[in-house]
Amino acid sequence: MVVVKAVRPAISCSSSGFDGGQLVPLHKVSFVNLTLPASLLSVRLSSRNNAKLSLVQSTKESSTASTNDRAAVFSGENLHQIATNGKATNIVWHKSSVGKVHWQEVLQQRGCVIWITGLSGSGKSNLACALCQALYSRGKLAYILDGDNVRHGLSRDLSFEAEDRAENIRRIGEVAKLFADAGIICIASVISPYRKDRDACRSLLPEGDFIEVLLVLMIRMNHP
């Protein structure tokens, strides 16, 4: 256990000591930066002011605020969970004790994603609505993520350029995964012609929980 009682103006220290400057009482410090060895079990900060503790282990860093005498505690296990994902840094996945299995037991159904794809006008939205109605009539909880509907809110900042289309599909895939994790049958109806985009969404879920449906628009030609 490392207990921080005072730091120097350089606000840089390690588990073996502080570097440079005159000691400053902890209650006068607003930010502390510590470099910790991998063997450190935990660090605890308790202060009467709005202190902030930043932990650095190798190249990974995290920070948190401690207010109203509430101590911020970090364990070695939590440190290893700190990650960088895309542009998001210093993030930790917080796992709930209530998971997908529990919600499936409550809802008496299997949470999954039914991904309906096809060209514009092929009937994706109509099929999604009909399927949702059929599931509802059987007492199943389902929700539709329609490609156009999502653009009214979540993806309203996206255009129809190729890069933005791919981002729209990615967002729908991530939201669909959350629905499935909650034990809900998510019906996604979206134009997604590229296999790599669909495969990326499929990879978010366990095997068998991503059901792909391809609608083909059949045009009948009457020849004289």
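Which helix gives the most to the lining of the largest pocket? I would like to come to that by way of the whole chain, and I should say at the outset that what we have on the screen is a predicted model.

The protein has 224 residues, of which 34% count as buried, and its secondary structure consists of six helices and 16 strands. If we take the contacts between residues at least 6 apart in sequence, 49% of them join residues at least 24 apart. The exposed area of the protein is about 14,600 Å², and carbon and sulfur atoms supply 55% of that area.

Now to the pocket. The largest pocket has a volume of about 420 Å³, and 24 residues line it, with K124, D148, R165, V190 and I191 lying nearest its centre. Four helices, namely α3 (124-137), α4 (147-150), α5 and α6 (195-202), each supply at least two residues of that lining. The answer to my opening question is α5, which gives the most to the lining, with five residues.

The helix α5 comes up again when we turn to the interior. The largest nonpolar core has 16 residues, and those that touch the most other members are V113, W115, L145, I172, C186 and F210. Three elements, β13 (112-118), α5 (162-181) and β15, each supply at least two residues of this core, and the largest share, five residues, comes from α5. Apart from this core lies another one, of nine residues, including C112, I116, A142 and I185.

Let me stay for a moment with L145. Leaving out residues up to four places away in sequence, L145 touches V150, I172, V175, A176, F179, C186, I187, A188 and S189.

The last name on that list, S189, deserves a closer look. S189 sits in strand β15, which covers residues 185-189. Is S189 buried or exposed? Its relative accessible area is 3%, and because the cut-off for buried is under 20%, S189 counts as buried. With residues up to four places away in sequence left out, S189 touches I116, K124, S125, A128, I144, L145, D146 and G147. One of these, D146, is also joined to S189 by a polar contact of 3.0 Å between the two side chains. As for D148, which we met among the residues nearest the centre of the largest pocket, its C-alpha is 9.0 Å from that of S189, although the two residues are 41 apart in sequence.

A second polar residue to consider is R171, which lies in helix α5. R171 has a relative accessibility of 16% and therefore counts as buried. Its side chain makes a polar contact of 2.9 Å with the side chain of D157. When neighbours within four places in sequence are set aside, the residues in contact with R171 are L154, S155, D157 and L158.

Finally, I would like to point to Q108, which is found in the loop between α2 (100-107) and β13. What is particular about the phi of Q108? The angle is near 55°, a positive value in a residue other than glycine. Q108 has a relative accessible area of 57%, so Q108 is exposed.

To close, let me return to α5, which supplies five residues to the lining of the largest pocket and also five residues to the largest nonpolar core.

Terms used
Residues numbered from 1 in each chain as written. Predicted model: local features only at pLDDT ≥ 70, side-chain atom pairs only at ≥ 80, totals over all residues. Heavy atoms only, no water. Buried < 20%, exposed > 50% of the residue type's maximum accessible area, 1.4 Å probe, protein only. Contact = heavy atoms within 4.5 Å. Polar contact = N/O pair within 3.5 Å; in protein donor to acceptor, adjacent residues only side chain to side chain. Areas by Shrake-Rupley, 256 points an atom, 1.4 Å probe, with all protein chains shown as cover. Core = buried A, V, L, I, M, F, W, Y, C linked by side-chain atoms within 4.5 Å. 1 Å grid on protein atoms, 1.4 Å probe; cavity = no way out; pocket = protein on both sides within 12 Å on 5 of 7 lines; lining within 4 Å. Points joined across faces, edges and corners; volume = space filled by probe spheres on them.
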